[in-house]
Amino acid sequence: MFLIIKKSYRFLRIILHVHWGIVQVLYYLDDKKSPSATQKIIIQRWFKRFVRLLSIEIKIHGEVEENSPLMVSNHISWKDIILLGSVYPTRFVAKSEIAQWPVVGWMSAKVGTIFVKRGSIADIRQLNTQIADLICAGERVTIFPEGGTSDGRQLAHFFPGLLQSVVGLHGENIRPGVQPIVISYKVADQLSEQIPFIGDANMLQHLWALLGLDKITADLHFTPFISSENTTRKALSTQSVQQMQEILKNKV
């Protein structure tokens, strides 16, 4: 009974936080314009609060490369976006299905999420141009090249298509390249099957299970920056995978 009461209380706080996010989106954000510095702070604070409500302790290894325009991360759960968004301001690239999710899709669009239709070559080409334009405008973009989620123990197949956005990129104050990131979640110092959100899992059931955990530790490993000058997207992908697999082999 106590566990149900605790989970219900935490669930209510999250619902209230989401509603507060809706109010902030309506009042502060305009999806037709890039978020201002003040708006980015508002978004980041909302993510930080969400992290605390999920009882997640973030441990950062390495440093965020300030001038890295494209961040490349493994993908375990919807929580990845909340974690990364709480650490640094960024635009995310997400599958187009999310845009249709009630509330979440609308809020994602408002905070600048870029949606891509999986398997569409034309969409990938257009998206590469869009990402390059955002980078040239001073934005940072985060992508999940696995194309889906995994259990976090190893990397799924990498799709290098969106890495083309920084190949041959030039412009004032632009340092073209990528910074690979490895996310790892643990409960009581062990990998937990409750953390990954894979396939057709039910969002509410997954969240309800998480609310029974007293503490989740999320390790964010920021690996060295990789320049995209005089290289190819395949080479960028290969080096990114190598750096990320090294972390998974030694740390996870």
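## Exercises on a predicted model

Leu 162 touches Leu 70, Val 93, Ile 124, Leu 127, Asn 128, Ile 131 and Ile 143, leaving aside residues up to four places away in sequence. The structure is a predicted model, and the exercises below work through parts of it.

**Exercise 1. Determine where Leu 162 lies and whether it is buried or exposed.**

Solution. Begin with the position along the chain: Leu 162 belongs to the loop between β5 and β6. Next, consider accessibility. Its relative accessible area is 11%, and buried means under 20%; therefore Leu 162 is buried. Finally, consider distance: Leu 162 and Gln 126 are 36 residues apart along the chain, and their C-alpha atoms are separated by 10.0 Å.

**Exercise 2. Describe the surroundings of Arg 140.**

Solution. Arg 140 is found in the loop between α5 (121-136) and β5 (141-143). With a relative accessible area of 11%, Arg 140 is buried. Residues up to four places away in sequence are not counted in the next step. Among the residues that Arg 140 touches are Glu 65, Glu 66, Asn 67, Ser 68, Tyr 88, Pro 89 and Arg 91. For Ser 68, one distance can be given: its backbone oxygen lies 3.1 Å from a polar atom of the Arg 140 side chain. A further comparison concerns Ala 37, which is 103 residues from Arg 140 in sequence and 13 Å from it in space, C-alpha to C-alpha.

**Exercise 3. Identify what lines the second largest pocket.**

Solution. The space in this second largest pocket is about 400 Å³. It is lined by 26 residues, and the closest to its centre are Lys 40, Pro 89, Gly 138, Glu 139 and Arg 140. At the level of elements, α2, β3 (91-95) and α5 each supply at least two lining residues. Of the elements, α2 gives the most, with four residues.

**Exercise 4. Explain how the buried residues of α6 are arranged around its axis.**

Solution. The buried residues to consider in α6 are His 206, Leu 207 and Leu 210. They cover an arc of only 95° around the axis, so they are on the same side of α6. The face turned away from this buried side carries the exposed residues Leu 204 and Gln 205. The cover over the buried residues of α6 includes α1, α3 and β7. At the N-terminal end, Asn 202 caps α6, with a side-chain oxygen 3.1 Å from the backbone nitrogen of Leu 204.

**Exercise 5. State which elements build the largest nonpolar core.**

Solution. The largest nonpolar core has 38 residues, and Ile 14, Leu 54, Leu 83, Leu 84, Tyr 185 and Ile 216 have the most contacts inside it. Two or more residues come from each of α1 (2-28), α2 (37-53), α3 (79-87), β6 (177-186), α6 (203-210) and β7 (216-222). The largest share, six residues, is that of α2. Ile 216 may serve as an example: the residues it touches include Leu 54, Tyr 185, Ile 195 and Leu 210, not counting residues up to four places away in sequence. Apart from this core lies another, of 27 residues, among them Val 72, Ile 114, Leu 163 and Leu 248.

**Exercise 6. Give the number of cavities of 30 Å³ or more, and describe the largest cavity.**

Solution. The structure holds two cavities of 30 Å³ or more. The largest cavity has a volume of about 60 Å³. Its lining consists of 10 residues, of which Ile 76, Asp 151, Gly 152, Tyr 185 and Leu 191 are the closest to its centre.

Terms used. Residues are numbered from 1 along each chain as its sequence is written. This is a predicted model: local features need pLDDT of at least 70, side-chain atom pairs count only at pLDDT 80 or more; totals for chains, interfaces and linings use all residues. Side-chain values use heavy atoms; hydrogens and water are left out. A nonpolar core is a set of buried Ala, Val, Leu, Ile, Met, Phe, Trp, Tyr and Cys residues joined through side-chain atoms within 4.5 Å. Buried means under 20% relative accessible area, exposed over 50%, partly exposed in between (1.4 Å probe, protein chains only). Contact means heavy atoms within 4.5 Å. A polar contact is a pair of N or O atoms within 3.5 Å; within protein, one must be able to donate a hydrogen and the other to accept it, and residues adjacent in sequence count only if both atoms are side-chain atoms. The arc is that of the directions from the helix axis to the C-beta atoms. On a 1 Å grid over the protein atoms alone, a cavity is a set of points where a 1.4 Å probe fits but cannot get out, and a pocket is an open set with protein on both sides within 12 Å along at least five of seven lines; lining residues have an atom within 4 Å of a point. Grid points are joined across faces, edges and corners, and a volume is the space filled by probe spheres set on the points.
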